[in-house]
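Student: I have a model open and I'd like to learn how to read the way two helices pack. Can you walk me through it?

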Amino acid sequence: MKIKNKLMQEASDIINGVNKSKSKYGSFETNFKDAAKVASILTNKQITPKDVNACLIGLKIARLRKGHHYDSFLDLIAYIASMEVLNK
């Protein structure tokens with residue numbers, strides 16, 4: 001089975017801030033750090049950017065159970081690939 005190069009390239013563009021529609025939100029690293037701070041306050045527990053990413057991966061997988069949507073696959077691939085960025 002051949003993986004769509006377009007999908008992989010778009011996911012890479014999102015992570016690297018090249019995707020114009022998604023880059024308006026800022027960098028993956030900054031967003032995940034900010035989300036972890038907010039989640040830590042809301043839950044009164046220490047939440048890391050990797051925890052946030054893991055939850056978003058779980059959310060995308062759960063949504064894919066309701067139907068296969070290009071955007072959901074794109075986000076899922078980007079979240080999985082961003083684990084490398086968050087592990088630096």
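**Reading a helix pair**

Tutor: Start with the axes: look at how far apart they are and at what angle they cross. In this predicted model, helix α4 (residues 49-64) and helix α5 (residues 70-86) have axes that come within 9 Å and cross at roughly 160 degrees.

Student: Why is α4 called roughly antiparallel to α5?

Tutor: Angles over 145 degrees count as roughly antiparallel, so the crossing angle puts α4 roughly antiparallel to α5. As for the handedness, α4 passes α5 in a left-handed crossing.

Student: Which residues in α4 and α5 meet?

Tutor: Go through one helix at a time. From α4 you have Pro49, Lys50, Asn53, Leu56, Ile57, Lys60, Ile61 and Leu64; they meet Ser72, Phe73, Asp75, Leu76, Tyr79, Ile80, Ser82, Met83 and Leu86 of α5. Sorted by class, that contact has eleven nonpolar, three polar and three charged residues.

Student: Lys60 in helix α4 caught my eye. Is Lys60 buried or exposed?

Tutor: Check the relative accessible area against the cut-off. Buried means under 20%, so Lys60, at 8%, is buried.

Student: And what is Lys60 in contact with, leaving aside its neighbours within four places in sequence?

Tutor: Ser72, Asp75, Leu76 and Tyr79.

Student: How far does the predictor's confidence go here?

Tutor: Look at the chain, then at its elements. The average pLDDT is 84, and 90% of the residues score at least 70. Among the elements, α4 has the highest mean pLDDT, 94, while helix α2 (residues 20-23) has the lowest, 60.

Conventions. Residues numbered from 1 in each chain as written. Predicted model: local features only at pLDDT ≥ 70, side-chain atom pairs only at ≥ 80, totals over all residues. Heavy atoms only, no water. Axes fitted to C-alpha atoms, helices over the stretch in contact; angles between N-to-C directions. Helix = DSSP H or I, 4+ residues; strand = E, 2+ residues; numbered from the N terminus. Parallel < 35°, antiparallel > 145°, perpendicular 65-115°, else oblique. Left-handed = near helix turned anticlockwise from the far one by under 90°. Contact = heavy atoms within 4.5 Å. Nonpolar A, V, L, I, M, F, W, Y, C, P; charged D, E, K, R; others polar. Buried < 20%, exposed > 50% of the residue type's maximum accessible area, 1.4 Å probe, protein only. pLDDT = per-residue confidence, 0-100.
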